[in-house]
Amino acid sequence: MSNSNIQRVKPTADAELKEKVVSINRVVKTTKGGRTFSFSALVVVGNGSGLVGQGLGKAKEVQEAIVKGIEDAKKNLVKVPIRHGTIPHEQFAKEGAAKVLIKPAAQGTGVIAGGSMRAVLESAGITDVLSKNLGSANPQNVVKATVKALTMLREPIGVAKQRNIKLSKVFNG
């Protein structure tokens, strides 16, 4: 299932995007003159109502890396279908060695997810979901796999039109 319904969204000035720093890495490059330190920051942005993006920023200072990560994340915004605070159906995605499984949950369940996956799901505005990280725990790959899984979700209205059935029939069989 490599077909993804990527709905890229252009960031607007009035969009209220909240930023979450998922991880900060200190990278050391050893040269003839000594060690050079730099930082990479993985950032997730979202508006809490179906818009989410992830970005990576690298710089000599932590704050600069975070700002660059936020700018990159705003360029990579995608639309996520949300139905009653959860996702419309179960989805599996893989990025590198990271495998992610997300399932819809009943209202009141909350976000059952690990650290980097939780940041993406909460930024998207999903309030009830069950998820499991099945592979690598590398934050960059887990975030990419989660965003990939969210982009592969299909809108119930689109499924109903494609199958030529009523919307109520999609969920009730």
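How many bridges pair strand S5 (residues 91–95) with strand S6 (residues 98–104), and in which sense, parallel or antiparallel? I looked that up before anything else. S5 and S6 pair over five bridges, in the antiparallel sense. A note to myself: this is a predicted model.

**Entry: the S5/S6 hairpin**

I followed the chain from S5 into S6 and found a hairpin with two residues between the strands. Gly96 sits in that turn, and its phi is positive, about 65°. For a cross-strand pair I picked Ala93, which stands opposite Val100 in S6.

**Entry: the sheet around it**

Next I wanted the rest of this sheet. It is an open one of four strands, ordered S5-S6-S8-S7, and its pairing is mixed. S5 and strand S7 (111–112) are at the edges with a single partner strand each, so each has one side without a neighbour in the sheet. Where does the parallel pairing come in? I found it between S7 and strand S8 (residues 129–133), over two bridges. There, Ile112 stands opposite Leu130 in S8.

Then I checked the helices on this sheet. H2 packs on it and touches S6, S7 and S8, with its direction at about 150° to that of S8. H3 packs on the sheet too, touching S5, S6 and S8, and its direction makes about 140° with that of S5.

**Entry: H2 against H3**

Having met both helices, I looked at how they meet each other. The axes of H2 (residues 115–124) and H3 (residues 139–151) come within 8 Å and cross at roughly 35°. The crossing is right-handed. From H2, I listed Ser116, Met117, Val120, Leu121 and Ala124; in H3 they meet Pro139, Val142, Val143, Thr146, Val147 and Leu150. Sorted by class, this contact has nine nonpolar residues, two polar ones and no charged ones.

**Entry: the other sheet**

I went back towards the start of the chain for another open sheet. Its four strands run in the order S1-S2-S3-S4, with antiparallel pairing. Strand S1 (18–31) and strand S4 (78–79) are the edge strands, each pairing on one side only. Strand S3 (residues 51–59) is joined to S4 by two bridges, and Val52 stands opposite Val78 in S4.

Which helices pack here? One is helix H1 (residues 62–75), which touches S1, strand S2 (34–46) and S3, its direction making about 145° with that of S3. H3 turns up again: it packs on this sheet and touches S1, S2, S3 and S4, with its direction at about 155° to that of S3.

**Entry: Ser40**

I stopped at one residue in strand S2, Ser40. Is Ser40 buried or exposed? Its relative accessibility is 7%, so I put it down as buried. Leaving out residues up to four places away in sequence, I found Ser40 touching Ser23, Ile24, Asn25, Leu56, Gly57 and Lys58.

**Entry: H4, towards the end**

Last, I turned to helix H4 (residues 156–163), where Pro156, Val159 and Ala160 are buried. Why do I call that one side of H4? They cover an arc of only 100° around the axis, which puts them on the same side of the helix. The face of H4 turned away from the buried side carries Lys161 and Gln162, which are exposed. Helix H5 (167–172) is included in what covers the buried residues of H4. Just after H4 comes Asn164, and its phi is positive, near 60°.

How values were computed:
Residues are numbered from 1 along each chain as its sequence is written. This is a predicted model: local features need pLDDT of at least 70, side-chain atom pairs count only at pLDDT 80 or more; totals for chains, interfaces and linings use all residues. Side-chain values use heavy atoms; hydrogens and water are left out. Axes are lines fitted to C-alpha atoms, for helices over the stretch in contact, and angles run from 0 to 180 degrees between N-to-C directions. A crossing is left-handed if the near helix is turned anticlockwise from the far one by less than a right angle, and right-handed if clockwise. Contact means heavy atoms within 4.5 Å. Ala, Val, Leu, Ile, Met, Phe, Trp, Tyr, Cys and Pro count as nonpolar, Asp, Glu, Lys and Arg as charged, and the others, Gly among them, as polar. Two strands pair if DSSP finds at least two bridges between them. Buried means under 20% relative accessible area, exposed over 50%, partly exposed in between (1.4 Å probe, protein chains only). The arc is that of the directions from the helix axis to the C-beta atoms.
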